[in-house]
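Reader: I should like a close look at the sheet of chain A, set in the context of the fold around it and of the partner chain. Please take the order of the elements as the point of departure.

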Amino acid sequence: MSDDMDFEEGGTIKKFMFVNRKAPYGTIYALEGLEVVLISAAFDQDVSLAFVDDGVFQLVKGQKTDGIEMKNFSPTYRALEGYDIEKLYVDRESLEARGLSEDDLLVDVQVMSAAEMGDMMAQQDVVISF
Amino acid sequence: MALEVNGVSIETDEEGFLVNLSDWTPEAAVELAKGESIDLTDSHWEVINFLREYYDEYQIAPAVRVLTKAIGKKLGPDKGNSKYLYDLFPYGPGKQACKIAGLPKPTGCI
């Protein structure tokens with residue numbers, strides 16, 4: 001597991017988008033999706049994340065999970081930058097429908113309309129939804 | 001599996017990682033390192049402490065590539081490279097150093 005290993009020798013870099021649609025707790029989707037994203041970083045692909053519907057709650061600041069006896073994994077989104085995953089897209093309508101704004105989020109993101117998000121998705125080689 | 005530290009038994013998984021991360025103490029690190037045939041030096045502790053701070057902040061054990069880059073940023077390029085880290089932790093700075101630091105196995109450890 002050397003970091004010098006070149007997994008992509010002779011390979012093509014594909015555009016992967018991971019779409020997060022569910023609230024962070026209550027189902028395992030958000031946590032599993034985040035783990036897949038972290039693993040994907042090892043393969044030097046072009047990775048982006050989209051947050052739509054209740055998925056925007058994954059990025060909300062100040063999550064307190066003691067009461068539900070779950071690990072608060074939201075700080076891990078702030079580690080994505082260190083994994084060179086810097087393309088985080090958030091659906092504006094989803095934020096607004098939940099009374100949230102960009103200031104409520106714990107990482108820097110690009111907020112966009114549903115139409116712009118659709119364009120982003122259309123540009124991908126692979127779209128995986130959680 | 002279990003690890004004896006100061007007469008107290010600490011639970012570990014089949015790969016030797018702590019089951020309860022809150023069981024970690026510096027003394028436990030010394031015992032965990034013994035199991036890996038490593039005598040901890042100040043250089044080892046520098047990496048262990050770095051890993052614990054990283055985990056505290058981000059709630060994950062970093063992938064080795066990320067660890068190497070982050071160590072370089074914090075401790076200088078002479079330490080932020082594979083050779084330096086593999087010399088300290090021959091079986092991989094990700095897996096071995098994380099185990100001694102009481103972190104879970106790194107996500108994406110391949």
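Author: Read from the N terminus, the elements of chain A follow the pattern β-α-β-β-α-β-α-β. That amounts to 3 helices and 5 strands, in a model that is predicted.

The 5 strands of chain A assemble into an open sheet whose order is S4-S3-S2-S1-S5, with parallel pairing. Its edges are formed by strand S4 (110-112) and strand S5 (126-129) of chain A, each of which pairs on one side only. On average, and with direction ignored, neighbouring strands of this sheet are turned by 25 degrees against each other. In general terms, the strands of a sheet pair through backbone hydrogen bonds, either parallel or antiparallel.

One pairing in this sheet can be followed down to the residues. Strand S1 (residues 15-20) of chain A is joined to S5(A) in the parallel sense, over 4 bridges. Within S5(A), Ser129(A) is the residue that stands opposite Val19(A).

Helices of chain A accompany the sheet. Helix H1 (residues 29-40) of chain A packs on the sheet, where H1 touches S1 and strand S2 (46-51) of chain A. The direction of this helix makes about 165 degrees with that of S1(A). Helix H3 (residues 114-122) of chain A lies across S1, S2, strand S3 (87-91), S4 and S5 of the chain. Relative to S3(A), this helix H3 of chain A runs at about 140 degrees.

The overall dimensions of chain A complete this part of the description. A compact globule of 130 residues would have a radius of gyration near 14 Å, and the 15 Å of chain A agrees with that. Along the principal axes, the C-alpha atoms of chain A fill a box of roughly 45 × 35 × 25 Å. Of its 130 residues, 29% count as buried. When contacts in chain A between residues at least 6 apart in sequence are considered, 75% of them join residues at least 24 apart.

The partner chain has its own order of elements. Chain B runs β-β-α-α-α-α-α from the N terminus, which comes to 5 helices and 2 strands. The radius of gyration of chain B is 13 Å, close to the 13 Å that the globule rule gives for 110 residues, so chain B is as compact as a globular protein of that length. Its C-alpha atoms fill a box of roughly 40 × 25 × 25 Å along the principal axes, and 35% of the 110 residues of chain B count as buried. In chain B, 50% of the contacts with a separation of 6 or more are between residues 24 or more positions apart.

Inside chain B, helix H2 (residues 42-58) packs against helix H5 (residues 93-100) at an angle of about 85 degrees, and their axes are 9 Å apart. Since angles of 65 to 115 degrees count as roughly perpendicular, H2(B) and H5(B) are therefore roughly perpendicular to each other. H2(B) contributes Val47(B), Ile48(B) and Leu51(B) to the contact, while H5(B) contributes Pro93(B), Ala97(B), Cys98(B) and Ile100(B). By class, the residues of this contact are 7 nonpolar, no polar and no charged.

Finally, the two chains meet: 18 residues of chain B are in contact with 17 residues of chain A. On the side of chain B that touches chain A, H2 and helix H3 (64-75) of chain B each supply at least two residues. The largest share of that side, 6 residues, comes from H3(B). The side of chain B that touches chain A comprises 8 nonpolar, 7 polar and 3 charged residues.

Terms used: Residues are numbered from 1 along each chain as its sequence is written. Chains are lettered from A and ligands numbered from 1 in the order in which they are written. This is a predicted model: local features need pLDDT of at least 70, side-chain atom pairs count only at pLDDT 80 or more; totals for chains, interfaces and linings use all residues. The radius of gyration is taken over C-alpha atoms; the globule rule is 2.2 Å times the number of residues to the power 0.38. A residue is buried if 20 or more other C-beta atoms lie within 10 Å of its own, exposed if 12 or fewer, and partly exposed in between; C-beta atoms are placed from the backbone. Two residues are in contact if their C-beta atoms, placed from the backbone, lie within 7 Å. Two strands pair if DSSP finds at least two bridges between them. Axes are lines fitted to C-alpha atoms, for helices over the stretch in contact, and angles run from 0 to 180 degrees between N-to-C directions. Angles under 35 degrees count as roughly parallel, over 145 as roughly antiparallel, 65 to 115 as roughly perpendicular and the rest as oblique. Ala, Val, Leu, Ile, Met, Phe, Trp, Tyr, Cys and Pro count as nonpolar, Asp, Glu, Lys and Arg as charged, and the others, Gly among them, as polar.
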